[in-house]
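Me: I'm new to this one and would like to learn how to read it. Could you walk me through it?

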Amino acid sequence: MTSILVVAATVLTGLSAGLFATFGYAVMPGLRRTDDAVFVQAMRAVNVAILNPVFAVVLGGAFVVSVAAVVASWGTSAAPWLLASTLLYVVGAFVVTGVVNVPLNDALAEGDDVRSLRAAFERRWVASNHVRSALTTAAVVCAAIGATRV
């Protein structure tokens, strides 16, 4: 059972890290090439669309299954790696997202001056997305190392 939990935690964490990374290397560079109105409209649409059951299962499931994997592996050489993975994931996926990205998304949802909205949003959102991408990718690496020690 421990191995199954560790694999599931690694996969779910990897899916989250992949989502954040995709925004960093594809979505946001693509939107950077658009005008202000298209940028704001696209990000508003993405921010609504991403709030769906699949996203919730991946984002929340990675945390829940990671905690279960830590508990199940406690006392083994895998546990420190899985604990590090879980902590990195929480900081990247929840803390950074909740402190920076969600408030920026909320601010982007209001107002009509697309130039000002974009100026207040884009640079900070992209920078914090890079941070959460790095942290969740590091979480995947730790989980993968932990998986080799179960």
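Reply: Happy to. Let's start with a word we'll need: a residue is called buried when its relative accessible area is under 20%, exposed when that area is over 50%, and partly exposed in between. Keep in mind, too, that this is a predicted model.

Me: What share of the 150 residues in the protein chain is buried?

Reply: Buried residues account for 37% of them.

Me: And how many helices and strands does the protein chain have?

Reply: Five helices and zero strands. Going along the sequence, you read the pattern α-α-α-α-α. As for overall dimensions, the C-alpha atoms fill a box of roughly 55 × 25 × 20 Å, taken along the principal axes.

Me: How do I describe two helices that pack together?

Reply: The general idea is that you give the angle between their axes and the distance between the axes. Here, try helix 4 (residues 79-108) and helix 5 (residues 114-147): their axes come within 8 Å and cross at roughly 165°.

Me: Why do helix 4 and helix 5 count as roughly parallel or roughly antiparallel to each other?

Reply: Angles run between N-to-C directions, and anything over 145 degrees counts as roughly antiparallel. Helix 4 and helix 5 cross at roughly 165°, so they are roughly antiparallel to each other. Their crossing is left-handed. Sorted by class, the contact of helix 4 with helix 5 has 23 nonpolar, nine polar and two charged residues.

Me: Now a single helix. What span should helix 2 have, and what does the model show?

Reply: Helix 2 covers residues 36-49, which is 14 residues. At 1.5 Å a residue, helix 2 should span 20 Å, and its end C-alpha atoms are 20 Å apart, which agrees.

Me: How do I find the sides of a helix?

Reply: An α-helix has 3.6 residues a turn, so residues three or four places apart point the same way. In helix 2, the residues F39, V40, M43 and N47 are buried. They cover an arc of only 90° around the axis, which puts them on the same side of helix 2.

Me: Which residues are exposed on the other side of helix 2?

Reply: There you'll find Q41, V48 and A49 exposed.

Me: Can we zoom in on N47 and D36?

Reply: Sure. N47 lies in helix 2, and it counts as buried at 15% relative accessibility. Its C-alpha atom and that of L108 are separated by 9.5 Å, although the two residues are 61 residues apart along the chain. D36 also has its place in helix 2, but at 24% relative accessibility D36 counts as partly exposed. D36 and V114 are 78 residues apart in sequence and 5.7 Å apart in space, C-alpha to C-alpha.

Me: Is A143 buried or exposed?

Reply: A143, which sits in helix 5, counts as buried at 1% relative accessibility. Look for A78 as well: A143 and A78 are 65 residues apart along the chain, and their C-alpha atoms are separated by 8.5 Å.

Me: One last residue: where is F20?

Reply: F20 is in helix 1 (residues 2-32). With a relative accessible area of 4%, F20 is buried. Now pair F20 with R118, 98 residues apart along the chain: their C-alpha atoms are separated by 19 Å.

Technical notes
Residues numbered from 1 in each chain as written. Predicted model: local features only at pLDDT ≥ 70, side-chain atom pairs only at ≥ 80, totals over all residues. Heavy atoms only, no water. Axes fitted to C-alpha atoms, helices over the stretch in contact; angles between N-to-C directions. Helix = DSSP H or I, 4+ residues; strand = E, 2+ residues; numbered from the N terminus. Parallel < 35°, antiparallel > 145°, perpendicular 65-115°, else oblique. Left-handed = near helix turned anticlockwise from the far one by under 90°. Nonpolar A, V, L, I, M, F, W, Y, C, P; charged D, E, K, R; others polar. Expected span 1.5 Å × (residues − 1). Buried < 20%, exposed > 50% of the residue type's maximum accessible area, 1.4 Å probe, protein only. Arc of directions from axis to C-beta.
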